[in-house]
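Colleague: I am new to this structure and should be grateful for a close look at one part of it, the nonpolar core. Please set that part in the context of the whole protein.

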Amino acid sequence: MKTLIINGSPRRSGDTMGLINALIPQIKGEYRLVNAYDFPASPCIDCRYCQTHEGCAIKDDMQGLYDDIRDADCIVIASPIYFSELTGRLLDLASRFQTFYCARRFRKIESIPKPKRGAVILVGGGDGNMKKPYETACTLLHHLNCPDIHPCVSSHNTDTRPAAEDAAALSGIDSIARFLYAAR
């Protein structure tokens, strides 16, 4: 089993990582954690290269991430919520998933042939809504060939309680692990 975790948080020891750290010991097999704020990749520039070619015209570390996406059995998107949406840097990184959409839409090929299971972890402390970022994350996961997505796990009171102390969120992390690694 291979699990890819895409972390949209700029804080390496923040609430999002608190929940990721609760998941990591439950991962079956190998995993890769990609921190969007540290990942050396440019956002999509809409050059349309991927409408007619495999991959992306921008040659950077995304090439290896594309391989990890194809090889993964499970993909988890984790992010704090900024103004009721995933973080900007996570969306920058995810804009490069356009190559998978274009393969399917324009070139009529499935460039991610192996279906995966997906999950979304969201944290927030303000008055934002979890529905919109969950829908965005699910759209991204669908384009990464995740037809099965666990219901959103969130901690939404991080202004007053760390996510790693949120019993409901931690129970949700356990549920994600059971879902991701259940027999197929």
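**The nonpolar core in its setting**

Modeller: In this predicted model, the mean positions of the 22 positive and 21 negative charges of the protein lie 6 Å apart. The exposed surface comes to about 8600 Å², of which carbon and sulfur atoms supply 52%.

The chain forms six helices and six strands, arranged along the sequence as β-α-β-α-β-α-α-β-α-β-β-α. For 184 residues, a compact globule would have a radius of gyration near 16 Å, and the protein, at 16 Å, agrees with this. Of the 184 residues, 49% are buried.

Turning to the core itself, nonpolar side chains in soluble globular proteins tend to be buried together. The largest nonpolar core here has 33 residues, and the members that touch the most others are L4, M62, L65, I69, I75, L93 and F97. Two or more residues come from each of the strands β1 (2–7), β3 (74–80) and β4 (117–123) and from each of the helices α2 (62–71), α3 (88–95) and α5 (131–143).

I75 shows how such a residue is surrounded. Apart from neighbours within four places in sequence, I75 is in contact with L4, I6 and I69, with the run K116, R117, G118 and A119, and with L141, L144 and C146. A second core, separate from this one, has 21 residues, among them L19, V76, V123 and L180.

Across the whole protein, among contacts with a separation of 6 or more, 78% join residues 24 or more positions apart.

Notes
Residues numbered from 1 in each chain as written. Predicted model: local features only at pLDDT ≥ 70, side-chain atom pairs only at ≥ 80, totals over all residues. Heavy atoms only, no water. Helix = DSSP H or I, 4+ residues; strand = E, 2+ residues; numbered from the N terminus. Rg over C-alpha atoms; globule rule 2.2 N^0.38 Å. Buried < 20%, exposed > 50% of the residue type's maximum accessible area, 1.4 Å probe, protein only. Contact = heavy atoms within 4.5 Å. Areas by Shrake-Rupley, 256 points an atom, 1.4 Å probe, with all protein chains shown as cover. Lys, Arg positive; Asp, Glu negative; His and termini not counted. Charge placed at Lys NZ, Arg CZ, Asp CG, Glu CD. Core = buried A, V, L, I, M, F, W, Y, C linked by side-chain atoms within 4.5 Å.
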